[in-house]
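Q: Could you walk me closely through one part of this structure, and then show how it fits into what surrounds it? A residue-by-residue account would be welcome.

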There are 2 protein chains.
Amino acid sequence: MALFVQKYGGSSVADAESIKRVAKRIVDTRRAGHDVVVAVSAMGDTTDELLDLAAQVAPIPAPRELDMLLSSGERISMALLAMAIHSMGFEARSFTGSQAGMITDATHGAARIVDVTPVRLREALDEGAIVIVAGFQGFNRDTRDITTLGRGGSDTTAVALAAALDADVCEIYSDVDGIFTADPRVVPRAQKLTHVSSEEMLELAANGAKVLYIRAVEYARRHGVLIHARSTFSSGEGTWVLGHGMTLPAGAGGPTVAEGEEMEEPIVAGVATDLSQAKITVTGVPDVPGKAAEIFKIVAKSGANVDMIVQNVSAASTGRTDISFTLPKEDAAIALRALAGEQSDVGFENLVHDDQIGKLSVVGAGMRTHSGVSATLFEALSVSGINIEMISTSEIRISVVVRGDDLAEAARVVHTAYGLDGDAEAVVHAGSGR
Amino acid sequence: MALFVQKYGGSSVADAESIKRVAKRIVDTRRAGHDVVVAVSAMGDTTDELLDLAAQVAPIPAPRELDMLLSSGERISMALLAMAIHSMGFEARSFTGSQAGMITDATHGAARIVDVTPVRLREALDEGAIVIVAGFQGFNRDTRDITTLGRGGSDTTAVALAAALDADVCEIYSDVDGIFTADPRVVPRAQKLTHVSSEEMLELAANGAKVLYIRAVEYARRHGVLIHARSTFSSGEGTWVLGHGMTLPAGAGGPTVAEGEEMEEPIVAGVATDLSQAKITVTGVPDVPGKAAEIFKIVAKSGANVDMIVQNVSAASTGRTDISFTLPKEDAAIALRALAGEQSDVGFENLVHDDQIGKLSVVGAGMRTHSGVSATLFEALSVSGINIEMISTSEIRISVVVRGDDLAEAARVVHTAYGLDGDAEAVVHAGSGR
């Protein structure tokens with residue numbers, strides 16, 4: 001008998017039928033003899049509808065009250081899910097974030113988990129109940145107020161519960177089959193990965209892969225939680241996310257992997273694509289020490305998150321240089337406004353905004369020990385006539401910025417160049433949201 | 001500076017516009033220098049929608065989970081109301097039933113309040129905040145579970161808060177202007193009462209008047225809470241419900257009542273009408289001791305609530321008699337089934353079901369000291385040719401059952417006979433629900 005933590009997102013519990021399907025899935029796990037703790041998101045578009053109502057009554061809703069409002073969404077889905085399980089003849093109990101002991105700091109809308117004290121969950125498990133916990137929400141001890149965890153909160157709830165309860169696995173259910181070598185909608189021959197290391201998963205998630213949230217993967221890595229990302233709509237295996245020193249559970253990896261078979265570590269785990277960034281170029285920057293620091297201090301102060309940075313070689317004749325950086329499209333306006341306000345102080349000539357870029361990242365732990373990984377990337381793009389505008393690297397990742405229109409083609413040729421193509425086209429499910 | 005507790009029902013907070021209107025009303029009270037604690041119901045049809053969802057996932061929803069589900073409704077309305085107040089520049093904080101210290105027993109769906117410990121509410125008031133509390137919900141200390149109070153729960157929440165906080169007044173807002181001498185939709189010349197005693201209000205509520213719930217009035221009477229029933233849609237005075245020994249607050253009673261003017265106590269406070277009951281007649285009951293007890297034991301065991309009972313004079317020739325009783329229409333089926341199942345044991349001849357009856361009640365504390373009150377009632381009905389089928393009385397009430405089709409006419413002639421008619425027709429607001 002094992003302890004499973006399962007997380008179901010909003011699209012998995014969008015209506016009464018979906019809730020009953022999820023309930024059956026949970027009951028199946030229980031029937032197989034396991035303990036089950038479930039973290040559940042609000043139904044479908046509930047959160048957006050509540051945000052819309054809030055906007056109607058207050059232009060800038062009070063953060064404490066916004067958390068009180070939004071936390072009602074999971075309360076609805078978890079109670080319905082517990083009822084549905086109950087009516088299948090199994091004992092189920094739902095718990096709010098505070099009842100579950102999800103203790104956070106007091107940052108409304110983006111609270112950080114500081115402690116998990118799942119006393120009531122353990123009691124319920126000991127009494128044989130299936131436990132349903134509201135995802136996304138917590139409780140601050142000092143203010144005694146309800147908090148929410150922000151984007152990807154329910155994934156984080158599930159992983160934190162798995163860590164606190166020492167669960168055998170944390171299953172993150174969504175409407176995709178697992179982690180793929182690339183987005184199957186972009187690269188039709190993308191293959192589902194049997195497993196991926198948590199550091200690779202972090203790089204993939206940070207660079208455009210949307211199946212798991214960075215924050216949950218980071219929490220799992222730090223607390224040694226085994227994640228299994230899989231689909232609500234199929235019973236097949238998904239992708240295992242292995243932290244440091246973890247191995248695939250016995251029997252996992254699908255029927256095609258023979259017991260004890262030694263698998264060669266692939267150099268590259270996957271190719272991530274991201275169309276959500278814009279590029280800003282600051283032209284004619286005086287080429288004197290400290291100017292770059294000055295510029296990025298201004299940007300940081302505006303609240304914009306800078307990703308890649310490239311400084312061109314200075315033209316000796318002018319004593320001036322260009323600095324380009326990428327950032328989320330929605331942050332571009334505030335960064336541009338902040339820079340324009342300081343133009344005379346910094347002494348640059350112009351600001352150029354470009355939101356037609358695409359970012360392609362190749363991620364693989366094997367890069368540490370293999371040389372020539374980047375050469376394969378540059379060669380493949382060059383043969384296809386795709387121009388590289390910016391490059392950045394980490395220990396296990398190479399990212400390039402290309403024209404947005406070229407991104408899909410770039411992903412396909414790079415996917416092929418690293419030998420990642422599958423024999424058949426991947427099946428893409430209708431639902432694309434999470 | 002006084003402390004006002006205000007209760008707003010679902011129709012008062014049905015959408016964003018309504019919420020903003022209620023927020024303004026609350027802020028006006030605060031601006032006048034008073035402390036305000038608000039008990040709020042779920043928005044419009046939220047509760048029905050949640051019940052509908054529950055029915056879709058489980059034929060008989062688990063009571064604990066149903067309470068968890070339904071309690072999310074007030075969480076939404078109270079957070080939105082607090083935001084709306086906040087955006088008008090006033091500090092407002094919302095509290096769930098458990099945060100507000102609304103301690104109940106563990107009876108899910110119909111919990112009774114056992115204690116109110118409004119520590120956090122007092123803190124918030126001391127800090128100058130307007131306090132918003134979720135109506136209808138509480139918390140059980142032993143199970144640590146969320147409970148709901150059942151029908152009329154938000155009225156009861158408001159009165160219980162007013163008692164615990166020693167408020168100066170508990171204002172119950174709805175879409176009607178107050179308590180009338182009769183339902184203005186039935187009796188156009190009905191007049192709004194300036195005040196009514198709580199015992200009269202109890203009888204009126206128990207016999208068909210829908211503005212206040214019996215349970216809240218009973219709680220107010222027991223704990224000495226002054227209730228002011230008034231309309232969300234007008235600024236005029238409503239009706240004061242005075243407990244034992246209470247007098248109208250200084251200035252209350254509207255501009256037409258001169259200070260210190262001695263008002264003659266009217267004999268009759270109002271006429272209540274009720275079309276929600278059915279009549280069951282058990283015919284040919286053996287006229288031996290203990291038969292009535294036997295019949296009503298069976299009915300009680302079925303769960304049906306009996307109201308009026310009439311036993312006909314026995315026909316000496318047959319040694320048999322008929323027993324009639326009234327009960328809520330929705331209880332008729334279970335009572336009939338239970339009686340039919342015991343027909344041979346009890347030895348009655350037949351069961352007659354009649355759901356076309358109407359009940360008219362005349363309520364007035366003055367009945368205690370005035371004679372001839374019932375004669376006026378019987379005379380008025382007789383002159384109009386309306387037949388009386390059953391009669392029951394309490395110390396301050398006379399009720400009669402007539403044909404349902406005759407009820408409106410009966411109410412009008414009785415209203416006139418007791419001198420209750422106003423000079424003009426009462427204004428009836430569009431919304432009729434609470």
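A: What follows starts with one strand and then moves outward to other parts.

A quick word on conventions before we go in. This is a predicted model, in which local features need pLDDT of at least 70 and side-chain atom pairs count only at pLDDT 80 or more, while totals for chains, interfaces and linings use all residues. Residues are numbered from 1 along each chain as its sequence is written, and chains are lettered from A and ligands numbered from 1 in the order in which they are written.

Let's zoom in on strand 6 of chain A, residues 130-134. Helices here are DSSP runs of H or I with at least four residues, strands are runs of E with at least two, and both are numbered from the N terminus. Five of the five residues in strand 6 of chain A are buried. A residue is called buried if 20 or more other C-beta atoms lie within 10 Å of its own, exposed if 12 or fewer do, and partly exposed in between, with C-beta atoms placed from the backbone. On one side of strand 6 of chain A you will find A:Ile130, A:Ile132 and A:Ala134, while A:Val131 and A:Val133 point the other way, and both sets are buried.

Now look at the neighbours in the sheet. Strand 2 of chain A (residues 35-40) runs parallel to strand 6 of chain A, joined to it by four bridges. Strand 3 of chain A (residues 92-95) is also parallel to strand 6 of chain A, again with four bridges. Two strands are taken to pair if DSSP finds at least two bridges between them. A:Val133 makes a handy landmark: it is the bridge partner of A:Ala39, and A:Phe95 stands opposite it too.

From A:Ile132 we can step across to A:Leu81. Besides A:Ile132, A:Leu81 is in contact with A:Val13, A:Ile19, A:Val22, A:Ala23, A:Val38 and A:Val40, leaving aside neighbours within four places in sequence. Contact means that the C-beta atoms of two residues, placed from the backbone, lie within 7 Å. A:Leu81 and B:Leu81 touch the most other members of the largest nonpolar core, which has 254 residues. Such a core is a set of buried Ala, Val, Leu, Ile, Met, Phe, Trp, Tyr and Cys residues joined through C-beta atoms within 7 Å.

That brings us to the place where the chains meet. The contact takes 26 residues from chain A and 26 from chain B. On the chain A side, helix 1 (16-31), helix 2 (46-57) and helix 3 (63-86) are the elements that give two or more residues. Helix 3 of chain A supplies the largest share, twelve residues. By type, the chain A side divides into 18 nonpolar, five polar and three charged residues; Ala, Val, Leu, Ile, Met, Phe, Trp, Tyr, Cys and Pro count as nonpolar, Asp, Glu, Lys and Arg as charged, and the others, Gly among them, as polar. Because 100% of the interface residues of chain A are also interface residues in chain B, the copies meet through the same surface.

The symmetry can be stated just as plainly. A rotation of 180° with 0.0 Å of shift along its axis superposes chain A on chain B, with an RMSD of 0.0 Å. That is the relation of a two-fold axis. The superposition is by least squares on the C-alpha atoms of residues with pLDDT of at least 70 in both copies. Of the residues of chain A, A:Ser72 comes closest to the rotation axis, its C-alpha being 2.6 Å away.

Stepping back to chain A as a whole, its secondary structure comes to twelve helices and 20 strands. Buried residues make up 48% of its 434 residues. Among its contacts between residues at least 6 apart in sequence, 75% join residues at least 24 apart. The C-alpha trace spans about 80 × 55 × 35 Å along its principal axes.

For contrast with strand 6 of chain A, finish at A:Arg144, in the loop between strand 7 (137-139) and strand 8 (146-148) of chain A. A:Arg144 is exposed, with 11 other C-beta atoms within 10 Å, and has a positive phi of about 55° although it is not a glycine. Most residues other than glycine have a negative phi.
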